[in-house]
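Work through the exercises below with the model at hand. Try each task before reading its solution.

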Amino acid sequence: MSKLDNKKFMVCCANGAGSSLMMKMTLQKVLTKHKIKPAGLHHCALSEGKSLAPQYDIVLCAKNFVSTFKDAEKKGTIVLGLRNIMSPGEMEKAPMPFG
């Protein structure tokens with residue numbers, strides 16, 4: 001059993017349309033590869049994500065948006081900024097206990 005099982009994940013992009021959906025699909029592939037069973041996986045725009053973030057265990061977004069989630073981090077949400085939000089390899093190298 002992974003430490004990431006039953007965690008709620010949220011991925012955000014600027015507008016919540018194409019990029020966040022593709023990022024969600026990439027994250028799902030990474031989680032499946034490592035046999036991680038999340039409690040939830042949500043994609044949205046930054047405007048929605050900012051208010052929802054405290055309800056999630058882990059938020060993934062582009063590095064330049066990390067500061068948007070300062071309040072959620074104070075409440076215990078892990079926020080991971082990625083340079084290439086579509087890269088499974090970069091997601092796997094993020095400071096999460098994959099594998």
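Five exercises follow, each with a worked solution.

The model is predicted: local features need pLDDT of at least 70, side-chain atom pairs count only at pLDDT 80 or more, and totals for chains, interfaces and linings use all residues. Residues are numbered from 1 along each chain as its sequence is written, and side-chain values use heavy atoms, with hydrogens and water left out.

**Exercise 1. Strand pairing**

Task: Find the partners of S1 and S3, and name the residues opposite Val11.

Solution:
- Start with the terms. Strands (E, at least two residues) and helices (H or I, at least four) are DSSP runs, numbered from the N terminus. Two strands pair if DSSP finds at least two bridges between them.
- Take strand S1 (residues 8–13) and S3: they pair in the parallel sense over three bridges. Here Val11 has Leu60 as its bridge partner.
- Move to strand S2 (residues 40–45). S1 pairs with S2 over six bridges, again in the parallel sense. Val11 stands opposite His43.
- Finish with strand S4 (residues 78–82). Five bridges join S4 to S3, and the two run parallel. Val59 is matched with Val79 in S4.

**Exercise 2. Strand burial**

Task: Decide how many residues of S1 and of S3 are buried.

Solution:
- Set the cut-offs: buried means under 20% relative accessible area, exposed over 50%, partly exposed in between (1.4 Å probe, protein chains only).
- Count in S3 (residues 58–62): five of its five residues are buried.
- Count in S1: five of the six are buried, so the strand is largely enclosed by the rest of the structure.

**Exercise 3. The cores**

Task: Identify which elements supply the largest nonpolar core, and trace the contacts of Met23.

Solution:
- Define a core: buried Ala, Val, Leu, Ile, Met, Phe, Trp, Tyr and Cys residues joined through side-chain atoms within 4.5 Å.
- List the best-connected members. Of 18 residues in the largest core, Phe9, Met23, Leu27, Ile58, Leu60, Met91 and Met96 touch the most other members.
- Assign the elements. S1, H1, S3 and S4 each supply at least two residues. H1 gives the most, with four.
- Check for another core. A second, separate one has twelve residues, including Met10, Leu46, Cys61 and Val79.
- Trace Met23, with contact meaning heavy atoms within 4.5 Å. Beyond its neighbours within four places in sequence, Met23 contacts Val11, Cys12, Leu60, Cys61, Leu82, Ile85, Met86 and Met91.

**Exercise 4. The salt bridge**

Task: Locate the salt bridge and say which elements hold its two residues.

Solution:
- Recall that side chains of opposite charge can pair when their charged atoms come close.
- Search the whole structure: one salt bridge (a Lys or Arg side-chain nitrogen within 4 Å of an Asp or Glu carboxyl oxygen) turns up.
- Name the pair: Glu92 with Lys33, closest N and O atoms 3.0 Å apart.
- Place both. Glu92 lies in helix H4 (residues 88–93) and Lys33 in helix H1, so the pair ties together parts 59 residues apart in sequence.
- Grade accessibility. Glu92 is partly exposed at 23%; Lys33 is exposed at 56%.

**Exercise 5. Surface and loop**

Task: Classify Met25 and Ala17 as buried, partly exposed or exposed.

Solution:
- Place Met25: helix H1 (residues 18–33). Its 48% relative accessibility makes Met25 partly exposed.
- Place Ala17: the loop between S1 and H1. Ala17 is also partly exposed, at 48%.
- Add a distance. The C-alpha atoms of Ala17 and Asp57, 40 residues apart along the chain, are separated by 22 Å.
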